[in-house]
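Me: Please take a close look at one single part of this structure and work outward from there to the rest of the chain. I would like one connected account with the distances and accessibilities kept in view.

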Amino acid sequence: MNPRAGEPGTTLAFVESPVQLLNVLEWAHAHGIRPLEEPGAGFTLVVLSPTDPMTRGQLRRMADLARDEGHTVRWEEARGGPAAPFQTVGSLAGRLRRAERIVMGDPFSRYVQLLLTITRARDLVVVDDGTATMEFVAQLARGERLVRWHRKGGRRGPRDLVFAPVSSIARRRLTPGGEQRVEIFSSMPIAEAPDGVRVTAHDFAWTRARFGPPRITKGADLVGTSLVETGVVDGERYLDAVRTLAKTHGATRYFAHRRESTDKLHRLAVETGLEIVRPELPLELIARRGPVGRTILSFPSTVVHTLPLALAGTDVEVAVCDIDPDWLTRTASPRAQGFLSGVTGTARGVRRLTEMSVA
């Protein structure tokens, strides 16, 4: 039987980040996926664990929430040494071949693309992996190879060339046609979905039902970004922007992105006076649980799309500061400015801070 929403069927979900895991829980809630009496018989959530300690910590907390909902969670040390990928793929091969539906959080992931070459599932679901979902859908619609937006325009390295056949197969698997069905479960604005792709709106219904409403404080909170770590934004320019935002809007807390470096965060704390908070859960859950500032300040990122949904019905305002072209590094992708402007320009229910300038 094909595993349509609410119907029995073997489903494997693969996640590599806390946000992906949250969005798989939202997908399961939206589609009425309920745990069966026999653990793992219908829906198994597989965590392909990274090595970063902060990400692992958040993933373990999210895995506990999934288990609290009654779902089966399988934790794989997918990057625990040179042999780990082979062991992980080998241990999952049988399940992959039997699965009727595959849910994934990151179609750009080489790990996930490799798994797609093994599975025979005809139903594929892509849940949000932040703003990367917008780029994935656009590339799929244009028939392009799958490349993360901040790498687009750069030269292909030796590993890219070696992996190209696998990536090509994965892209074909993610293109609907015949018996192949593809669903995009997203809170992002999807402007050009390919023919045959089913787009399902993601409004954080599970998060709102499970947590909150939050206690709202008088101050402002600032959300960090990893644009410096990914080589898109200059570190000094970013520090100046955070300092200006905090002073102008009275921000007192800085919620760090899980990929932000310790050295950068230390400088931010010393030079801005902000309290650096390393969240134990995705920010959508942190904000919904509270306490949270009356204003949440952010640079272009996923949260300018997700926080207004997660905080719907509250008095919290989300404000976004555009990235000045002068902040970009010399090595930033040629598409960086256009992509980041698109992230903010398509956000709904936010206030744009276009008046701020940083010397």
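Reply: What follows begins with strand β2 and then moves to its surroundings.

The model is a predicted one, and the values given here should be read with that in mind. The chain has 359 residues, of which buried residues make up 53%, and it contains 12 helices and 13 strands. Among its contacts between residues at least 6 apart in sequence, 71% join residues at least 24 apart.

Strand β2 spans residues 43-48, and six of its six residues are buried, so that the strand is mostly covered, where buried stands for a relative accessible area under 20%. The side on which each residue lies alternates along the strand: Phe43, Leu45 and Val47 point one way, whereas Thr44, Val46 and Leu48 point the other way, and all of them are buried. Neither face of β2 is therefore an exposed one, going by the residues that point from it.

The strand also has pairing partners. Strand β1 (residues 11-15) pairs with β2 in the parallel sense over five bridges, and within this pairing Thr44 of β2 is the bridge partner of Leu12. Strand β3 (residues 72-76) likewise pairs with β2 in the parallel sense over five bridges, with Trp75 of β3 as the bridge partner of Val47. To get from β2 to β3 the chain passes through helix α2, and the resulting β-α-β crossover is right-handed.

Within β2, Leu45 deserves a separate look. Not counting residues up to four places away in sequence, Leu45 touches Ala13, Val15, Leu21, Val24, Leu25, Ala66, Thr72, Val73 and Arg74. Ala13 and Val15 fall in the range of β1, and Thr72, Val73 and Arg74 in that of β3, which places contacts of Leu45 in both of the strands that pair with β2. Leu45 is also, together with Leu21 and Trp27, one of the residues with the most contacts inside the largest nonpolar core, a set of 42 residues. Helix α1 (residues 18-30) supplies the largest share of this core, six residues. Apart from this core lies another, of 30 residues, which includes Tyr111, Ala121, Phe136 and Ala170. In soluble globular proteins, nonpolar side chains tend to be buried together.

Helix α2 (residues 53-68), through which the crossover runs, has charged residues that can be followed further. The structure holds 19 salt bridges, and one of them brings together the side chains of Glu280 and Arg61 at 2.4 Å, N to O. Because Glu280 lies in the loop between β10 (275-277) and α10 (283-289) while Arg61 lies in α2, this pair ties together parts that are 219 residues apart in sequence. Arg61 itself is partly exposed, with a relative accessible area of 30%. A salt bridge of another kind of reach joins Asp64 and Arg67, whose side chains meet at 3.4 Å, N to O; both residues lie in α2, three residues apart, which is about one turn of the helix. An α-helix has 3.6 residues a turn, so residues three or four places apart point the same way. Asp64 is partly exposed, at a relative accessible area of 40%, and Arg67 is also counted as partly exposed, at 40%.

A comparable arrangement is found in helix α8 (residues 235-249), where Asp240 and Arg243 are three residues apart, about one helical turn. The closest N and O atoms of their salt bridge are 2.7 Å apart, and both residues are partly exposed, Asp240 at 24% and Arg243 at 31%. Through salt bridges that share partners, Glu236, Asp240, Arg243, Arg267 and Glu271 are joined into one network.

For contrast, Glu260 is a charged residue that counts as buried, because its relative accessibility is 4%. Glu260 sits in the loop between β9 (251-255) and α9 (262-272), and its side chain makes polar contacts with the side chain of Tyr254 at 2.6 Å and with that of Lys264 at 2.8 Å. Leaving aside neighbours within four places in sequence, the residues in contact with Glu260 include Gly224, Thr225, Glu229, Tyr238, Leu268 and Arg278.

Terms used:
Residues numbered from 1 in each chain as written. Predicted model: local features only at pLDDT ≥ 70, side-chain atom pairs only at ≥ 80, totals over all residues. Heavy atoms only, no water. Helix = DSSP H or I, 4+ residues; strand = E, 2+ residues; numbered from the N terminus. Buried < 20%, exposed > 50% of the residue type's maximum accessible area, 1.4 Å probe, protein only. Polar contact = N/O pair within 3.5 Å; in protein donor to acceptor, adjacent residues only side chain to side chain. Contact = heavy atoms within 4.5 Å. Core = buried A, V, L, I, M, F, W, Y, C linked by side-chain atoms within 4.5 Å. Salt bridge = Lys/Arg side-chain N within 4 Å of Asp/Glu carboxyl O. Pairing = 2+ DSSP bridges. Right-handed = clockwise from strand over helix to strand, strands pointing away.
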